[in-house]
Amino acid sequence: MKMTKVVPFAMSALLLGGAIGAPTASANEGEATVINAETSEQQVQPIFIKVTGTVENVEVRENATYYTVVDGDNTNIVIVNKDSLVFDNMGKEAKLQKGDKVSAYSYAKKPMLAIYPPQYNPEVIIVETEEMGSVEVDFFNKDLVDTENNLKLNVGEDTKLASATGKAVKVDDLKEQHLVVFYTIATMSIPAQTPPSKVIVLDTIEKEEPVEVDPAPTPEPAPVDSAVQEIINKDFYEVDGTKMVPLRLIAEKLGFKVEVTPKGAIVSKGALSYTITRGQKEYGYNKALRQFKVAPALLESGKTYVPVEFVEELTK
C-alpha cells in the first residue's frame, strides 16, 4: 500500500476533494445529527471543542496557569494545571510559552462557565511546530476508525502507546476510546490509513453508560418542606411520563444560588455546583457528569423546567 507524507492540512484537502482544513472536532457514535437545509449534508455535533491561536498572555495563579490564546477576533483562555497533557505535534512533551501557536482540545460535554472570554480546561494541548507531524483527537471505534471515517489506525510495534492516567496500554485498549493520535504519513484513501507514531488513551473521560428507564411510574419525591411541595403540586408539566418542575423557584427555596446562562443555569451552594443545559440530558455535578431521564426545557417563558427527581438530588 503506497504511503505519502502529508502536512496536517494537505491530507484533508486530498480526502475532501480540495476542502481546506484538517479534520478536528467530530462526533461520537449515537450523537444527534443535524441536516443542513442548503447542502442536504448531515452534520454531526462535535465530541471535542478545538481552540486554536497564538499565546499572547500568561498568568500564573496558585493552582493553574491561564494562557490567553488569540486567533484574529477570537480570544479564549486555556487553563493548564499539573495534570494537563501538553505535547508538540510530534508527540514530545512540551511547555507552553508566550508566542506559541497551539491547538487545545476540550471534551464538548464538559461543563463550562458562562463567562467571556470563554475558559477551557482542555484534555490535551498541542504546540504546533514546523515539523511535519499531524494530530487527531477523536473517538475511535472497534476498528480504530474515527467518527467521520477520515482516519484508520494501523498500530504497529513501533507505535508508542500511553494513557492520560499513566496506566499500561495494549492495542486492544485503544478500541472504542477517545484517543490522541500522532502521525506523519497516511495513505490517500478513504479513510486514510496511518501507522501512528504515538497514541494516548484519554481514560480521564468516562464512557457514557446507557440510562436504564424504569417502566413503572415515577414516584413522587418526599416532601422537603411545605413551600417546595406546594410549588411541585401547582407548577409542573409532564414530558414523556416525567413530571417537570421549575428549577429556579425550587432551588432558591432550598437555599441555592441560581445563575442564569444563555442555555440554562448554574445552581450552586457551598462546594456544590450543578450546570444545567436546556435540551441536553447531561448535566454537570462539580467536575463530573450526570444524566437526566428527560432533558431540561424552557416549557414556560422565562422558566427552565427539570425532572422532579432533581429535587431529591438538591436535598441530599
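1. D240 counts as exposed in this predicted model, because its relative accessibility of 73% is over the 50% cut-off. The residue lies in the loop between β18 (237–239) and β19 (242–246), and its phi is positive, at about 50°, although D240 is not a glycine.

2. A second non-glycine residue with a positive phi is E176, for which the angle is about 55°. E176 is found in the loop that links β13 (160–163) with β14 (177–183), and it counts as partly exposed because its relative accessibility is 36%.

3. The backbone also deserves a check at P191, since the peptide bond joining I190 and P191 is cis, with omega at about 0°. P191 itself lies in the loop between β15 (185–186) and β16 (192–194).

4. Strand β6, which covers residues 74–80, is largely enclosed by the rest of the structure, because five of its seven residues are buried. Seven bridges join β6 to strand β5 (residues 65–71), and these two strands run antiparallel; among the paired positions, D71 has N74 of β6 as its bridge partner.

5. The connection between β5 and β6 is a hairpin with two residues between the strands. In that turn, G72 has a positive phi of about 65°.

6. Strand β6 is also joined to strand β9 (residues 119–120), here by two bridges and in a parallel arrangement. Within this pairing, I77 stands opposite Q119 in β9.

Methods:
Residues numbered from 1 in each chain as written. Predicted model: local features only at pLDDT ≥ 70, side-chain atom pairs only at ≥ 80, totals over all residues. Heavy atoms only, no water. Helix = DSSP H or I, 4+ residues; strand = E, 2+ residues; numbered from the N terminus. Buried < 20%, exposed > 50% of the residue type's maximum accessible area, 1.4 Å probe, protein only. Pairing = 2+ DSSP bridges.
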